[in-house]
Amino acid sequence: MEDLISFVQNEFVEKKEFPEFSAGDTITVYYEIREGEKVRTQFFRGVVIQVRGTGVTKTFTIRKMSGTVGVERIFPINMPALQKVEINKKGKVRRSRIYYFRGLTGKKARIKEIRK
């Protein structure tokens, strides 16, 4: 059964090419918003909290601060509305899921940047 599911996913599901990113990176995600007949592009810029899953079921969670409120959004990598992903900064963190980042404020919430 698993072979059949993986065959269907490989053959029929459209794969999108995005750059490699991991937890701690600051990225910008551009996606389409449909409002009735209108379609517009909106972006969401924040720090990647986690990358979960593999292949077609891969998702990533981004956290940003909107004023004083933290906003998180989960994006499936194969979402049809997803247009592009830009990497703004590569961050150096020691874990693959940085949930502890939610509780940090001020200078403690900074992530060290990896320079190329």
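Helices (H or I, at least four residues) and strands (E, at least two) are DSSP runs, numbered from the N terminus. The model is predicted: local features need pLDDT of at least 70, side-chain atom pairs count only at pLDDT 80 or more, and totals for chains, interfaces and linings use all residues. Residues are numbered from 1 along each chain as its sequence is written, and side-chain values use heavy atoms, without hydrogens and water.

**Exercise 1.** Place aspartate 25 and find the partner of its side chain.

Solution. Start with the location. Aspartate 25 sits in the loop between H1 and strand S1 (26–35). Next, take the accessibility. Aspartate 25 has 1% relative accessibility, so the residue counts as buried (under 20% relative accessible area; exposed is over 50%, partly exposed in between; 1.4 Å probe, protein chains only). Then look for the partner. The side chain of aspartate 25 makes a polar contact of 3.3 Å with that of lysine 90. Such a contact is a pair of N or O atoms within 3.5 Å; within protein, one must be able to donate a hydrogen and the other to accept it, and residues adjacent in sequence count only if both atoms are side-chain atoms. Finally, list the surroundings. Beyond its neighbours within four places in sequence, aspartate 25 is in contact (heavy atoms within 4.5 Å) with Gly46, Val47, Val48, Lys89, Lys90 and Gly91.

**Exercise 2.** Classify the ring pair of phenylalanine 21 and phenylalanine 60.

Solution. Begin with the rule. Rings of Phe, Tyr and Trp (its six-membered ring) pair if their centres lie within 6.5 Å; planes under 30 degrees apart are stacked, over 60 edge-to-face, the rest tilted. The whole structure holds 5 aromatic pairs. For phenylalanine 21 and phenylalanine 60, the centres are 4.9 Å apart and the planes are at 75 degrees, so the pair is edge-to-face. Now place the partners. Phenylalanine 21 is in the loop between H1 and S1, phenylalanine 60 in strand S3 (residues 59–66), 39 residues apart. Phenylalanine 21 is buried at 10% relative accessibility. Phenylalanine 60 is buried too, at 1%.

**Exercise 3.** Classify the pair of tyrosine 30 and phenylalanine 43.

Solution. The ring centres of tyrosine 30 and phenylalanine 43 lie 6.0 Å apart, with planes at 45 degrees, so this pair is tilted. Tyrosine 30 belongs to strand S1 and phenylalanine 43 to strand S2 (residues 38–52), so the pair ties together parts 13 residues apart in sequence. Check the cover last. Tyrosine 30 is buried at 19% relative accessibility, whereas phenylalanine 43 is partly exposed at 45%.
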